[in-house]
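Trainee: I have a chain open on the screen and would like to learn how to read it. Can we take it feature by feature?

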Amino acid sequence: MGRRKSNRKPPPKKGAGKLDTLFPCPFCNHEDSCEVTMRIKQKVGVVTCKICTESFQTPIHHLSEPIDVYTDWIDECEAANREDAEDDQTQQQYTADNTDQYEEEDYGYQQPAGPTTGTKLQAADDDDDDDDFDFPDANL
């Protein structure tokens, strides 16, 4: 003889927890100040900060979650910061290049030719320089 099967019900499955819709703002650094709104019919995800009123929109699809919209915003912010840093570096390089060009063109600045190897530099005689100049007469 065998045992009867018990009529136990299986334990309830734990559902996936709700995902956050509030995130920290990258501009004002307040916790839980950015709210994500998913507009499924318009296929647009919107992130808006309650404190600094910054906002961001991105296209979404049926599999998109609020975290996806928020990470798209963070990625766009990082890309904009990288572009700004590259523009600043390019501007600094451009300014440095043009400064050298202006020194050579506008002021007649030229690099003095250095001594070649094997030649000796002669000491300049500072006393002789004043003798070449004729001072005007003070009796005019």
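Trainee: Let me start with Lys-50. Is Lys-50 buried or exposed?
Mentor: This is a predicted model, so treat each value as computed from it. Exposed means over 50% relative accessible area. Lys-50 has 52% relative accessibility, so Lys-50 counts as exposed.

Trainee: Where does Lys-50 sit?
Mentor: Lys-50 is in the loop between β3 and β4. Now look across to Ser-33. The two residues are 17 apart along the chain, and their C-alpha atoms are separated by 5.4 Å.

Trainee: Which residue can I compare with Cys-49 in that way?
Mentor: Take Pro-24. Pro-24 and Cys-49 are 25 residues apart along the chain, with 8.6 Å between their C-alpha atoms. Pro-24 belongs to the loop between β1 (22-23) and β2 (34-39). With a relative accessible area of 30%, Pro-24 is partly exposed.

Trainee: Next, backbone angles. What sign of phi should I expect?
Mentor: Most residues other than glycine have a negative phi. Lys-43 is not a glycine, yet its phi is positive, about 55°. Find Lys-43 in the loop between β2 and β3. Lys-43 is exposed, at 54% relative accessibility.

Trainee: What about Thr-53?
Mentor: Thr-53 is not a glycine either, and has a positive phi of about 60°. Thr-53 lies in the loop between β3 and β4. That hairpin has five residues between its strands. Thr-53 has 61% relative accessibility, so Thr-53 counts as exposed.

Trainee: How do β3 and β4 pair?
Mentor: They pair in the antiparallel sense, over five bridges. Strand β3 covers residues 44-49. For one bridge, start at Thr-48: its partner in β4 is Ser-55.

Trainee: How do I read the side chains of a strand?
Mentor: In a regular strand the side chains alternate between the two faces of the sheet. Strand β4, residues 55-59, shows the alternation. Phe-56 and Thr-58 point to one face and are buried. Ser-55, Gln-57 and Pro-59 point to the other face and are not buried.

Trainee: Last one: surface charge. Which residues gather in a patch of negative charge?
Mentor: Among them are Glu-65, Asp-68, Asp-72, Asp-75 and Glu-76. The patch on the surface also includes Glu-78, Glu-83, Asp-84, Glu-86, Asp-87 and Asp-88.

Trainee: Where is Asp-87 in the fold?
Mentor: Asp-87 lies in helix α1, which spans residues 66-106.

How values were computed. Residues are numbered from 1 along each chain as its sequence is written. This is a predicted model: local features need pLDDT of at least 70, side-chain atom pairs count only at pLDDT 80 or more; totals for chains, interfaces and linings use all residues. Side-chain values use heavy atoms; hydrogens and water are left out. Patches are made of residues with over 30% relative accessible area and no salt bridge: like charges are joined within 9 Å, nonpolar side chains (Val, Leu, Ile, Met, Phe, Trp, Tyr) within 5 Å. Accessible areas come from the Shrake-Rupley method with a 1.4 Å probe; for residues, only the protein chains shown count as cover. A salt bridge is a side-chain nitrogen of Lys or Arg within 4 Å of a carboxyl oxygen of Asp or Glu. Lys and Arg count as positive and Asp and Glu as negative; His and the chain ends are not counted. The place of a charge is taken as NZ of Lys, CZ of Arg, CG of Asp or CD of Glu. Helices (H or I, at least four residues) and strands (E, at least two) are DSSP runs, numbered from the N terminus. Buried means under 20% relative accessible area, exposed over 50%, partly exposed in between (1.4 Å probe, protein chains only). Two strands pair if DSSP finds at least two bridges between them.
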